[in-house]
Amino acid sequence: MTTATLFIDGAWVPAASGETRTIHCPADGREVAVVSEAGEADALAAIAAARRAFDSRTWADTPAAQRGELLFKVAESLTERKDEFARAEALDTGKRLVEAEIDMDDIIGCFKHFGKLADSNPGRLVDAGDPTVVSKVVYEPVGVCGMITPWNFPLLQAAWKIAPALAAGNSFVLKPAELTPHTAILIMDVLDKLGLPAGVANLVTGAGANAGAPLASHPDVDLVSFTGGLVTGRKIAAAASETVKKVALELGGKNPNVVFADADFDAAVDNALNAGFLDSGLVCSAGSRLIVEESIAERFVDELVRRAENIRMGGPFDEQAETGPLISAEHRDKVTDYVKRGVEEGATLRTGGHWGGEEHKDGYFYAPTVLTDVRRGMSVVVEEAFGPVITVETFTTEEEAITTANDTNYGLAGAVWTSDAGRAHRVSSRLRHGTIWINDYHPYLPQAEWGGFKQSGVGRELGHAGLEEYREAKHIYQNTEPAVSGWFSMPAK
Ligand SMILES: NC(=O)c1ccc[n+]([C@@H]2O[C@H](COP(=O)([O-])OP(=O)(O)OC[C@H]3O[C@@H](n4cnc5c(N)ncnc54)[C@H](O)[C@@H]3O)[C@@H](O)[C@H]2O)c1
Ligand SMILES: C[N+](C)(C)CC=O
């Protein structure tokens, strides 16, 4: 890959500083690509290009149905280039190729979903209660959108923003995570080849503090949509408040996976593994808090540990591998610290708690880990470790299960396992999380809203609301028989 990887105003350019960054695969350290390292000057150039493109109205005034057609063409192109994209994603993230392929299917589904929605809701007439008045609500694009995305699902999280932003007629600047820029570069190539007007889609690859920060603070950005960690999310919201721009935040989770004694035991154990260890737990909605009914806890944890010890770690192209590495040495140190602190605070390490063995020495692997005897308030129970770490809590009553599951500042997702339909309904309706699974874990649908309660975020992606984030509602009130109002007295002339 060349080092002119910034896409600004319809052209591929290097960073103004000439700086580059080498991307390595976290599974084995191999060099994957050298990309341009954007700084503030590049972000400002991209924002200016997006502003000009928006103000020219070329894309904003393109009929919504045509904008939708472009999204279908993106889906077609991604389908044709699926292998290339999945391979690039797997190399950048270290995730298994099969998982990157599944992500591609979801990404294609996302473009189709917003392609369908693009012209579905042009606005509505409002009854003003006066036949001389025409009152209507129309939906307009927000303007210039800054989009900042994380490294765990690089293109998927970008697609959840790009597709609705384009459907609504906006221009945007995308800043992907600095460690995983590859598929963001590829999707700009797709948009470029499909003839999207110059300046509508812009890309800056680089570090958050330099290339990302202007997207949150610049007055010419109308909306900043961020997916990433809570600490960064707070900074984005604070920076955005200066110019009172629209803010959408998709942050982390400390997601409860609640298992009642009447649940299908084998299915619940199997899915507790999926919940916590799929993609090494590098999923915002990972079921990192297992909350299991006391009467089955011992048997459940024994089986969970037995199964966890069987999980095979490996790189993206290792067909025997069941899970991959963490993203960096720094990230692995963070996970290591959480587990260490948990044990120091009294947790029992039932399995894991160590790095990958000699065969994985060039990658950032961390073994699937189960901690029991945890207490609420321990950092590993409260904070997002963002790794393959499950903590186990127990309960004896339905009320206690609900209280424990809601005892978090986060509110992204959670699951309930039970064979009692009434209980499933009662518990799911009391859980304060944006997605609740009943007798399942992890599925999400482009047709259904995704997002967090509490400190897991602001706003929603996907569904219908995912499009509305990128539109402004405008009320147009027309008096067809203008007349003197008579409100103020009329002085004699
Ligand atoms: N809710 C969701 O749907 C969802 C989805 C995926 C990931 N996540 C969350 O993302 C986190 C993991 O991702 P991460 O480690 O990349 O998060 P992060 O917050 O470290 O980084 C996310 C992005 O923000 C950028 N950034 C960092 N500092 C910035 C600043 N000061 N100004 C502007 N941009 C800045 C980074 O460069 C990156 O592009 C986890 O907390 C995970 O739960 C949430
Ligand atoms: C939103 N999701 C589940 C696809 C990825 C979260 O990290």
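## A briefing on a predicted 493-residue chain

Glu250 sits in strand E11, which covers residues 246–250. Helices (H or I, at least four residues) and strands (E, at least two) are DSSP runs, numbered from the N terminus. Please keep in mind that this is a predicted model, in which local features need pLDDT of at least 70, side-chain atom pairs count only at pLDDT 80 or more, and totals for chains, interfaces and linings use all residues. Residues are numbered from 1 along each chain as its sequence is written, chains are lettered from A and ligands numbered from 1 in the order in which they are written, and side-chain values use heavy atoms, with hydrogens and water left out.

**The chain as a whole**

- The protein chain has 15 helices and 20 strands.
- Its radius of gyration is 25 Å, which agrees with the value near 23 Å for a compact globule of 493 residues; the radius is taken over C-alpha atoms, and the globule rule is 2.2 Å times the number of residues to the power 0.38.
- The C-alpha trace spans about 90 × 55 × 40 Å along its principal axes.
- Of the 493 residues, 56% count as buried. Here buried means under 20% relative accessible area, exposed means over 50%, and partly exposed is in between (1.4 Å probe, protein chains only).
- Of the contacts between residues at least 6 apart in sequence, 73% join residues at least 24 apart; a contact means heavy atoms within 4.5 Å.
- The accessible surface comes to about 20,400 Å², and 51% of that surface belongs to carbon and sulfur atoms. Areas come from the Shrake-Rupley method with a 1.4 Å probe, and for residues only the protein chains shown count as cover.
- The chain has 46 positive and 70 negative charges, and their mean positions are 3 Å apart. Lys and Arg count as positive and Asp and Glu as negative, while His and the chain ends are not counted; the place of a charge is NZ of Lys, CZ of Arg, CG of Asp or CD of Glu.

**What the UniProt record says**

- The unreviewed UniProt entry lists Glu250 under "active site". UniProt positions are given in the numbering used here, feature names are shortened, and annotations may be inferred rather than shown by experiment.
- Glu250 counts as buried because its relative accessible area is 5%.
- Beyond residues up to four places away in sequence, Glu250 touches ten residues' worth of surroundings that include Phe226, Trp450, Ser456, Arg460 and Glu461.
- The unreviewed entry also lists residues 12–476 as "domain: Aldehyde dehydrogenase".
- Over residues 12–476 the chain is 40% helix and 19% strand, with the end C-alpha atoms 41 Å apart.

**Positive phi angles in loops**

- Val244 has phi near 45°, a positive value in a residue other than glycine.
- The loop that holds Val244 runs between helix H8 (230–241) and E11, and Val244 is exposed, at 71% relative accessibility.
- Leu462 has phi near 60°, again positive in a residue other than glycine.
- Leu462 lies in the loop between strand E19 (457–458) and helix H15 (465–468); Leu462 is buried, with a relative accessible area of 2%.

**Buried residues in strands**

- Ser36 belongs to strand E4 (residues 31–36) and is buried, at 0% relative accessibility.
- Although 170 residues separate Ser36 from Gly206 in sequence, their C-alpha atoms are 7.3 Å apart.
- Ser171 is part of strand E8 (residues 171–175) and is buried, at 1% relative accessibility.
- The C-alpha atoms of Ser171 and Ala50 are 5.3 Å apart, with their positions 121 residues apart along the chain. Ala50 is also one of the contacts of Ser171, along with others including Phe54 and Cys145.
- Trp417 falls in strand E17 (residues 413–417) and is buried, at 3% relative accessibility.
- Among the residues that Trp417 touches are Asn257, Phe260, Asp262 and Tyr441.

**A glycine in helix H8**

- Gly233 is in helix H8 and is buried, with a relative accessible area of 1%.
- Leaving aside neighbours within four places in sequence, Gly233 is in contact with Phe226, Leu249 and Leu251.
- Gly233 and Val247 are 14 residues apart in sequence, and their C-alpha atoms are 9.9 Å apart.
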